[in-house]
Amino acid sequence: MKKSEWVPTMCYQCKAECAIIARVEDGVLKEIRGNPKARGKACVKGMAGVSLEYSPDRLTYPMKRVGERGEGKFEKISWDEAMDIMAQKLNDLKDRGDAHKLTANFFPHSITDPKWRFLNAYGGFINTALPHCDSAKILSFIKSMGGVPNHHIPPAWFTVPKGGIMIMAGRHAFGGLEDAAIPNDILDAKARGAKLVVIDPIFTTEAAKADQWIPIKPSGDTAFFVGMMQHIIASDLYDKDFVENWIREGDFEKIKAYVADKTPEKMSEICDVPAETIKQLAEECAKAPSVGVDSFKGVMLGNALDFSHAWCMFLAITGNIDNPGGQPLPDLVSLAPVEPVPEGPDLHELGWHRTGPDRDKFEYYQFIMEPTWYEAQAIRNGGLKVLITSEANPALTEMGQNDWQDAVREKDENGEYKLELLVSFEIMMSDTAKHADLVLPDKSYFERWELLYMPWWYNFGHGVALRQPVVEPRGECRHSNEIFIELGKRLVPEYFQFEDDIAYYDTQLEALGLSVKKLQEIGGLWSPGTIGFRKYEKTGGFGTPSGKIHLYWEDLEEAPGNQALPRVDLAAEYRVNVEEYPFILISYRTIFHSGSGQWTHNNPQLRDSLSGQHENPLMVNPATAEEFGISQGDTVTVESSSGSLQVKVNLTEGIRPDCLGLAHGFGSTVGRVATVGEGVSDNLLVPDSGSTLEWQDLVGGESHVSTRVRIVK
Ligand SMILES: Nc1nc2c(c(=O)[nH]1)N[C@H]1C(S)=C(S)[C@@H](COP(=O)(O)OP(=O)(O)OC[C@H]3O[C@@H](n4cnc5c(=O)[nH]c(N)nc54)[C@H](O)[C@@H]3O)O[C@H]1N2
Ligand SMILES: Nc1nc2c(c(=O)[nH]1)N[C@H]1C(S)=C(S)[C@@H](COP(=O)(O)OP(=O)(O)OC[C@H]3O[C@@H](n4cnc5c(=O)[nH]c(N)nc54)[C@H](O)[C@@H]3O)O[C@H]1N2
Ligand code: SF4
Ligand SMILES: [Mo]
């Protein structure tokens, strides 16, 4: 009889990090399923994790670059040599007084991740795509409610009552998962009698399941929600109790005056949704027992901050905050600090903007900048000397991908690379690793310990979760956390007095009466067991200075364009090229792939043309195709102001005629599967932040989602 067991752990085939169970037979990983203790779902990527674990593309030993950057020529080295190269360079940088010129492009699994601790202790800083993807949203919730309810946490769909309304406004919840359980939670709520409304220029999988699909014009969401508010207030349908008791005195009057002339008819002209539809949904929302709104990347063109602001206003005037089916606020538990806690450098004092250069210019730019754009800039102006990437793929991640690659290869007058050291922790060779000086083989998520602590995450119920090794590591793989703890012991030992990662997590878990071992014994998942609705009633208010909800942002009166109240139409800022570039390119996610990364784009199961997604043809509406004389399967050239690419056409009614759609993340140039798979990188078309900086500063968003393009047959 073979020894077979199911081990609970946490998936990492995408950044949702769902709870899974892994079947291991005689030390070999065989099968993955959702963990029944966490509502039991794993998506297709999660189940394809076995292919990742045993992929022949896995990196298994450290390597040093021997050719030029980007050539992809490496030789095997020892971990000792790799550690020495890093320690020497970092010591040197610190001696020069330039510790803040270390940047790490990471994905932190916990707000107390050991890698992040190292950065704070050493004096470098983190630069990650993760919080910048919805920083406008986070900022809005902090300003309005004094809390961070909504990073990757949507409304708790499993709490929606009968008659409740679920609105996805630029949220592809069945494809860009935040938890594999969410699609089921939404469908279960529908089965209980809740209504699903999808506002999206694309007929997504959730639109197919929706009671109502509203194909909005991209970037029209602020106008849409403001139009609904006007109608609700004018019809005296707002939640008077909530408004009176919980909105700061004076703010509601300001909103009333602000929306007065923003009628559904007027807003309809901006968002291209009939006024009747705006009114109908407004009335339904005002009368429903609950309304939950979820949005993510869909708000990123143009009105990111304005939309997030309008979204908070809408929730507040309809009384949908911290109620079942509405917008939950986090019920935070804290881990114990590991003393002494490093403070991190004061970047503002160093003359830097929050996460980038030019503090003065970006006084009001409150967001985390697009990491790759910032990196390219900082390499060129001498602000970035050592870059370490882990679980990120900046060579393909973002708009202006080629500019990042060029900057990394740029040399000074002495023929030395301007970026002195580039280190890539990876599981497989990637386009980023191809440019690195050191390529370090990380342990996969089946091989390492990790404490996941993002208290507002949907999936772990506002608690902690344990990732544990289920199989032996491949080759010489070591976990990046182990490496950073070792570097910490060498470079900043006063902050790394604990023995190893387990000891670090044990200290943190003491605050919850847990340890790694205890957490393991109870199945790896712990939560306080409550979502805790209407906590503000018990605690006497919100985390804002007044304890009430702030909907008028007086501190932004002086910001460019006055951002104290949402601006409904920023079209002028982004429609500059409207005649030249008549279409809006929509980049969206698919259930089969994660980001731009190797983990799924190089997985044979997920790249299969029948059971996965092999390529990303361009979505074109048949009416548009007819106008241009384009047929199914044709290859067309798509051009933007910053680039062009050739792509196969897929005709579909499921997209607005003024939009073109492209699934994000394709375009890898390395790996056995990725290089034979078809597909193009949308980021070849998306201009980098630098080219849209002025309006980004105004709107607080990034141009990931929608770019102005044209078709050339
Ligand atoms: N499978 C998978 N899951 C993932 C990820 C992944 O790469 N793959 N990535 C994770 C990460 S990092 C993130 S940030 C989330 C992102 O999660 P989502 O934001 O839900 O993912 P996208 O598919 O990019 O969704 C954007 C949706 O907005 C629509 N849209 C575009 N412009 C507009 C607009 O102006 N208005 C409206 N109303 N809709 C618009 C698009 O058509 C698309 O359906 O997904 C996470 N989950
Ligand atoms: N055009 C366009 N661009 C976008 C977006 C979009 O919607 N459209 N979305 C943006 C958003 S919201 C985000 S968050 C960013 C995400 O962009 P990134 O943060 O760069 O993430 P990924 O592209 O998913 O790359 C993750 C990398 O980590 C590697 N990896 C996987 N597992 C491990 C591991 O265990 N250890 C190590 N060391 N490495 C591992 C993978 O192989 C992969 O190369 O992309 C952004 N870029
Ligand atoms: S959504 Fe799928 S791939 Fe992502 S963590 Fe969950 S199961 Fe894994
Ligand atoms: Mo993201």
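**Ligand environments and cavities in a predicted model**

Ligand 2 is surrounded by 29 residues, of which Thr 397, Glu 426, Arg 448, Ser 596 and Asn 683 are the closest. The model is predicted. Around ligand 1 there are 32 residues, and this ligand lies between two domains, since both contribute to its shell. Ligand 3 takes up the space of the second largest cavity.

**Ligand 2: polar contacts and burial**

- The side chain of Arg 589 places a polar atom 2.9 Å from a nitrogen atom of ligand 2.
- Trp 599 contributes through its backbone, with an N or O atom 3.3 Å from an oxygen atom of ligand 2.
- In the side chain of His 664, an N or O atom is 3.4 Å from a nitrogen atom of ligand 2.
- The protein buries 97% of the 930 Å² that ligand 2 exposes when taken alone.

**Ligand 1: shell and position**

- The residues that come nearest to ligand 1 are Arg 171, Asp 200, Ser 219, His 593 and Gly 595.
- Its shell comprises 13 nonpolar, 12 polar and 7 charged residues.
- Domain 2 (136–324 + 539–556) and domain 3 (571–712) both give residues to this shell, so ligand 1 lies between them.

**Ligand 1: polar contacts and burial**

- Asp 221 has a polar side-chain atom 2.7 Å from a nitrogen atom of ligand 1.
- A polar backbone atom of Ile 199 is 2.9 Å from a nitrogen atom of ligand 1.
- An oxygen atom of ligand 1 lies 2.7 Å from a backbone N or O atom of Arg 589.
- Taken alone, ligand 1 exposes 910 Å², and the protein buries 97% of that area.
- Arg 589 thus appears in the contacts of two ligands, with its backbone at ligand 1 and its side chain at ligand 2.

**Ligand 3 and the cavities**

- Rolling a probe the size of a water molecule over the atoms reveals where empty space remains.
- The count comes to 6 cavities of 30 Å³ or more.
- The second largest cavity has a volume of about 100 Å³.
- Of the 14 residues lining this cavity, Cys 11, Cys 14, Cys 18, Cys 43 and Ala 180 are the closest to its centre.
- The lining divides by class into 9 nonpolar, 2 polar and 3 charged residues.
- The space of this cavity is taken by ligand 3.
- The residues around ligand 3 include Cys 11, Cys 14, Cys 18 and Cys 43, and also Lys 45, Gly 46 and Leu 177.
- The shell around ligand 3 has 7 nonpolar, 2 polar and 2 charged residues.

Key: Residues numbered from 1 in each chain as written. Chains lettered and ligands numbered in written order. Predicted model: local features only at pLDDT ≥ 70, side-chain atom pairs only at ≥ 80, totals over all residues. Heavy atoms only, no water. Near = heavy atom within 4 Å. Polar contact = N/O pair within 3.5 Å; in protein donor to acceptor, adjacent residues only side chain to side chain. Areas by Shrake-Rupley, 256 points an atom, 1.4 Å probe, with all protein chains shown as cover. Nonpolar A, V, L, I, M, F, W, Y, C, P; charged D, E, K, R; others polar. Domains from an automatic or database assignment. 1 Å grid on protein atoms, 1.4 Å probe; cavity = no way out; pocket = protein on both sides within 12 Å on 5 of 7 lines; lining within 4 Å. Sits in = over half its atoms within 2 Å of the grid points. Points joined across faces, edges and corners; volume = space filled by probe spheres on them.
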